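Hi,

Here is the structure I promised to pass on to you. Have a look at it first, and then read my notes below.

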Amino acid sequence: MGESDYLFEQFRVERGCLGYLVADPGTRQAALVDPEVEMVEQMLDSVFEHGLKAVYVIDTHTHADHFSGVREVRKKTIAKLVMHREAPASCVDVRVEDGDRLYLGDLSLKFLHTPGHAKDLVSVLLPGRILSADALLIGSCGRTDLPNGNAVRAYHTLYHTYRALPDDLLVFPGHDYEGRKHSVLGEEKATNPKMNFGGEEAFVRYMERENPETLTPVYQLADALKANMA
Ligand SMILES: [Fe+2]
């Protein structure tokens, strides 16, 4: 199966959070990935319009910076909530770890544990595409100074896990801050400054000390974390 053989749709809310709808055309089974709370209605409309059945809803990690819509999706569909096994939320139905796969008909969703921005962060590998969440952003990576973040793990994620993946993979991140919809992994390897530090020490120093000072305070951090962990 190639990247054009399955249904793929990107959703965006104003602050730049991105969510995804992925479906197998044969069985009409669908998965919703990172539905931000304001995006849920639009996503479910699309599920309905395409005649799909939402069987999985995936939160790639415990979001600290926005409200997850997975609880709304679970109320309105039969979708099972999928998260990494270390996720603290009690309503998780399917807990995955590195290398696990789920299937929508013949369409494989492979989970890669890519911690750093959050310890329970999984990237979702699809044919021809990777949903990189906040592990790898276009021209950047997710911050590591929030609760559950760890810059050393982020280094491993970017410089080992992501460097080992094929250059032609299309990268669809969890946020876009510059209005680009996706990138290509080979381009990120070559030009993303966060993937081009001289070594672990320099990367970690930057992420832990310099980076937090340049970042804006997170919108409703404590409230979002509490709600998304429940
Ligand atoms: Fe995040």
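**What I found**

Let's begin at the start of the chain: Met1 sits in the segment that comes before strand E1 (7-12). Please keep in mind that this is a predicted model. Met1 is partly exposed, because 13 other C-beta atoms lie within 10 Å, and a residue needs 20 or more to be buried. Leaving out residues up to four places away in sequence, Met1 touches Tyr6, Asp106, Leu107 and Pro127. Its C-alpha atom is separated by 19 Å from that of Leu185, a residue 184 places further along the chain.

**The six-stranded sheet**

E1 belongs to an open sheet of 6 strands, ordered E1-E2-E3-E4-E5-E6, with mixed pairing. At the edges stand E1 and strand E6 (94-96); each has a single partner strand, so one side of each is left without a neighbour in the sheet. From one strand to the next, the twist averages 20°.

The partner of E1 is easy to follow: E1 pairs with strand E2 (residues 18-23) in the antiparallel sense, over 6 bridges. If you want one pair to look for, Gln10 has Tyr20 in E2 as its bridge partner. Helix H1 (residues 40-49) lies across E1, E2, strand E3 (29-33) and strand E4 (53-58), and runs at about 15° to E2.

**The core**

Which residues have the most contacts inside the largest nonpolar core? They are Val22, Ala30, Ala31, Leu32, Ala54 and Val57, in a core of 60 residues. Take Ala30 as an example: setting aside neighbours within four places in sequence, its contacts include Val22, Val47, Ala54 and Leu104.

**A hairpin further along**

Strand E9 (residues 122-126) is mostly covered, with 4 of its 5 residues buried. E9 pairs with strand E8 (residues 107-113) in the antiparallel sense over 4 bridges, and Lys110 has Leu125 in E9 as its bridge partner. E9 also runs antiparallel to strand E10 (residues 129-133), joined by 3 bridges; here Val124 is matched with Leu131 in E10. E9 and E10 form a hairpin with 2 residues between them, and Gly128 in the turn has a positive phi of about 75°.

**A bent helix**

Finally, look at helix H5 (residues 200-214). At 1.5 Å a residue, its 15 residues should span 21 Å, and the end C-alpha atoms are 20 Å apart, which agrees. Even so, H5 bends by about 40° at Met207.

Enjoy exploring it!

Best wishes

Key. Residues numbered from 1 in each chain as written. Predicted model: local features only at pLDDT ≥ 70, side-chain atom pairs only at ≥ 80, totals over all residues. Core = buried A, V, L, I, M, F, W, Y, C linked by C-beta atoms within 7 Å. Buried ≥ 20, exposed ≤ 12 C-beta atoms within 10 Å, placed from the backbone. Contact = placed C-beta atoms within 7 Å. Expected span 1.5 Å × (residues − 1). Bend = angle between axes of the 7 residues up to and from the residue. Pairing = 2+ DSSP bridges. Axes fitted to C-alpha atoms, helices over the stretch in contact; angles between N-to-C directions.
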